[in-house]
Amino acid sequence: MSRGGARAGAGRPFGTTKENINSKKESKITIGNTIVGLNTVGKKEQKRVKCLLEKENLYNELDDSIIKAYALSYQEWNESEVAIKKQGAVFLNSSGNPVTNPYIKVRNDAFKRMIDIAKEFGLTPKAREQLTIEPIKEKSVMAKILEGR
């Protein structure tokens, strides 16, 4: 009987072997007290949302920080999806019992934040239904003359 070590396969994604994991050479994702910035995915989503809001005359510069918060949540959701796809949704713990990949919680939390912010901007079907947007009125001829047009 062997003592003094974890059982073979403990702590690895469900259905993988030591060789599978070592051959992937995946980079570790650190969650800590670091300042998170937008990566390419986040910047692309930030630009997309800003353009959508501008198109509907709903954008204001004051919205930039909340749009960034949305884009950061989108980015976190996207990264979690990638990690779950690579690692699987279930791991075997040291006792050999299946446990849920922690990225599932990260993904779900990020998605909830995305939806909450999206509702604020009218980016969900129900939120759009509740928006009351006044059409931009054309300036009168007199206003245009006074502006020098």
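**Figure 1. Salt bridge between glutamate 76 and arginine 113 in the predicted model.** The closest N and O atoms of the glutamate 76 and arginine 113 side chains are 2.9 Å apart. Glutamate 76 belongs to helix H3 and arginine 113 to helix H4, so the salt bridge ties together parts that are 37 residues apart in sequence. Glutamate 76 is partly exposed, at 28% relative accessibility. Arginine 113 is also partly exposed, with a relative accessible area of 33%. A search of the whole structure gives five salt bridges, and two others are shown in Figures 2 and 3.

**Figure 2. Salt bridge within helix H4, between aspartate 109 and lysine 105.** The closest N and O atoms of this pair are 2.8 Å apart. Both residues lie in helix H4, where four residues, about one turn of the helix, separate aspartate 109 from lysine 105. Aspartate 109 has a relative accessible area of 32% and is partly exposed. Lysine 105 has a relative accessible area of 55%, which means that lysine 105 counts as exposed, the cut-off being over 50%.

**Figure 3. Salt bridge within helix H2, between glutamate 45 and arginine 48.** The two side chains meet at 2.8 Å, N to O. Glutamate 45 and arginine 48 are three residues apart in helix H2, about one turn of the helix. Glutamate 45 is buried, with a relative accessible area of 5%, whereas arginine 48 is partly exposed at 43% relative accessibility. Side chains of opposite charge can pair when their charged atoms come close.

**Figure 4. Aromatic cluster of Tyr74, Trp77 and Phe111.** The structure holds two aromatic pairs. One of them is formed by tyrosine 74 and tryptophan 77, with 5.6 Å from centre to centre and 45° between the planes, a tilted arrangement. Tyrosine 74 and tryptophan 77 both lie in helix H3, three residues apart, about one turn of the helix. Tryptophan 77 also pairs with phenylalanine 111: the ring centres are 6.4 Å apart and the planes are at 40°, so this pair is tilted as well. The pair of tryptophan 77 in helix H3 and phenylalanine 111 in helix H4 links distant parts of the chain, 34 residues apart. Tryptophan 77 counts as partly exposed at 23% relative accessibility, because buried means under 20%. Phenylalanine 111 is partly exposed, with a relative accessible area of 40%.

**Figure 5. The largest nonpolar core.** Nine residues make up this core: Val49, Leu53, Ile67, Tyr70, Tyr74, Met114, Ile117, Ala118 and Phe121. Helices H2 (40-55), H3 (64-87) and H4 (103-121) are the elements that give two or more residues to the core. The most comes from H4, with four residues. Tyr74, one of the core residues, is also part of the aromatic cluster with Trp77 and Phe111. In soluble globular proteins, nonpolar side chains tend to be buried together.

**Figure 6. The buried and exposed sides of helix H4.** H4 has 19 residues and reaches 27 Å from its first C-alpha to its last, close to the 27 Å expected at 1.5 Å a residue. The buried residues of H4 are Tyr103, Ile104, Ala110, Met114, Ile117, Ala118 and Phe121. These residues lie on the same side of H4, because they cover an arc of only 160° around the axis. On the other side of H4, Lys105, Lys112 and Glu120 are exposed. H2, H3 and strand E2 (98-100) are included in what covers the buried residues of H4.

**Figure 7. Contacts of alanine 118 and the residue just after H4.** Alanine 118 is buried in H4 and is a member of the largest nonpolar core. With neighbours within four places in sequence left aside, alanine 118 is in contact with Tyr70, Leu123 and Thr124. Tyr70 is also one of the core residues. Just after H4, glycine 122 takes a positive phi of about 75°.

Technical notes
Residues are numbered from 1 along each chain as its sequence is written. This is a predicted model: local features need pLDDT of at least 70, side-chain atom pairs count only at pLDDT 80 or more; totals for chains, interfaces and linings use all residues. Side-chain values use heavy atoms; hydrogens and water are left out. A nonpolar core is a set of buried Ala, Val, Leu, Ile, Met, Phe, Trp, Tyr and Cys residues joined through side-chain atoms within 4.5 Å. Buried means under 20% relative accessible area, exposed over 50%, partly exposed in between (1.4 Å probe, protein chains only). Contact means heavy atoms within 4.5 Å. The expected span of a helix is 1.5 Å times one less than its number of residues. The arc is that of the directions from the helix axis to the C-beta atoms. Rings of Phe, Tyr and Trp (its six-membered ring) pair if their centres lie within 6.5 Å; planes under 30 degrees apart count as stacked, over 60 as edge-to-face and the rest as tilted. A salt bridge is a side-chain nitrogen of Lys or Arg within 4 Å of a carboxyl oxygen of Asp or Glu.
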